[in-house]
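Visitor: Could you give me a close look at a single part, the domain interface? Please spell out the cut-offs as you go.

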Amino acid sequence: MKKVFLFLLIITGFSSAFGQTAETPSWAKETKEQKEKRMEWWTHDRFGMFIHWGLYALPARHEWIRHNERISDADYQKYFDNFNPDLYNPKEWAKKAKEAGMKYVVLTTKHHEGFCLWDSKYTDYKVTNTPYGKDLIKPFVDAFRAEGLRIGFYYSLIDWHHPHFTYDGIHPGRPSTPEERAKANENRDMNIYRKYMKDQLTELFTRYGRIDELFLDFSYPDEKGHKDWDSEGLIKLIRSLQPQIIIDDRADLGNTEWGWDYVTPEQSMPREWPTANGKRVPWETCQTFSGSWGYYRDEHSWKSIHQLVTMLIETVSKGGNLLLNVGPTARGTFDDRANNRLEGIAEWMKLHSRSIYGCTQAPDEYKVPDNCFLTYNPKTKRLYLHVLEWPFLSLYLPGYEGKIKYAQLLNDASEIRYRTQKHDDSTPGDVILSLPTARPNVEVPVIELVLE
Ligand code: GLC
């Protein structure tokens, strides 16, 4: 079931970017240059932290647990009654994110379970009514801002707790037959739920200062899409409260030019830079350490530091951003596996962030050498060669003759000498980098090429 929905999600994430362009409402008018300006920091920064935190941290076996195990509201209540993250110290989280080189953070203010991490006026299903008893978001926002990170909010369009969110095919409390479901839905009024979302988003966007990214999640248009959410109304409201905000593509407005800013391939790596109507579009892939987003104690499919660093590089080499997720425990901490991954990334980023920030896909004239990912900084005109497999002495750069002024290892700024090998007179020759025999002792070595 979960797989099917993940698939659907990927499809909606991508296909939504295609199709007809509906007319732009007057409040949404923006020139291409204005949009680029609005997204400038995001395109530059490339790397953010996603945080999935909610009641599901207690059962610690997937944030979709209510759905996966068909848990009723009554049976889920024990997690609410025991929610008390006594070790919560967002300053520590923020420090770790910063050290890992992340420049922004996106927090689940409310996930599909409906539990709110702030003191919302519009529900009792919120952190301030748990044993913990305090707003989690204000200290979070303050801590990350103090470390210089930008703040983003995730807000689930889906809500399995709200009494007026209608039963559908994924609702954990759904009656089993379509007839029973229709009957039960007679007492549910999505108008009320739509108003609830607007009220809550207004709270979130007026209480915590400037918010830079919004991750609305998610639509499944054959059951719930933009009409059910009043996506147009939501986007209009959000833009009126936070005009500079950057919004994802999951509100089912993919066929408009104004209802989304970037596409969101999830838990997979696109083969190439995603496009819409034939044009490359801004994209941010969100990825997990181990498969689930919420803290999952017994999950053993953790990615290695090497995989994660490579994932970041590959994303930037295709012009995208990476939003890498941590699922904090119910005590309010990052567990040792998450810390280990973040520390490994931090170690690499300390020496190599220059090949990530401000970088993008290299122009086509630079062919990608074997076993490498290329990134390119258009401002400094430097090319970064991420060498995944360290070759023996010679690294061939096909057709690079006349393009390079200087080459060095990024980790220690030590010169890499090179020579040219001509094939014939009509095409540029190859450049052969003379590598040291010993692979530099870093997760992924990078050679910086200063271009002519
Ligand atoms: C999916 C999942 C959700 C997760 C999200 C992250 O929509 O439903 O659990 O929050 O992807 O992108």
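**The domain interface**

Guide: Let's start with the polar side of things: five residue pairs, both partners at pLDDT 80 or more, are in polar contact between domain 1 and domain 2 (N or O atoms within 3.5 Å, one able to donate a hydrogen and the other to accept it; neighbours in sequence count only if both atoms are side-chain atoms). On the domain 1 side that touches domain 2, helix H12 (305–317) and helix H13 (336–352) each bring at least two residues, helices being DSSP runs of H or I with at least four residues, numbered from the N terminus. H12 gives the most there, with eight residues. Sorted by class, that side has six nonpolar, five polar and two charged residues, where charged means Asp, Glu, Lys and Arg, and Gly goes with the polar ones.

Keep in mind that this is a predicted model, where local features need pLDDT of at least 70, side-chain atom pairs need 80 or more, and totals for chains, interfaces and linings use all residues. Numbering runs from 1 along each chain as its sequence is written, and side-chain values use heavy atoms, leaving out hydrogens and water.

As for the partners, domain 1 covers 4–18 + 25–355 and domain 2 covers 372–451, with bounds from an automatic or database assignment. Their C-alpha centres sit 38 Å apart. In contact (heavy atoms within 4.5 Å) are 13 residues of domain 1 and 15 of domain 2. Together they bury about 1300 Å², 65% of it on carbon and sulfur atoms; that's accessible area lost on joining, 1.4 Å probe, summed over both.

There's also one salt bridge between the domains (Lys or Arg side-chain nitrogen within 4 Å of an Asp or Glu carboxyl oxygen). Glu448 and Arg354 pair up in a salt bridge at 2.6 Å, N to O.

Technical notes
Buried area is the accessible area (1.4 Å probe) that two parts lose on being put together, summed over both.
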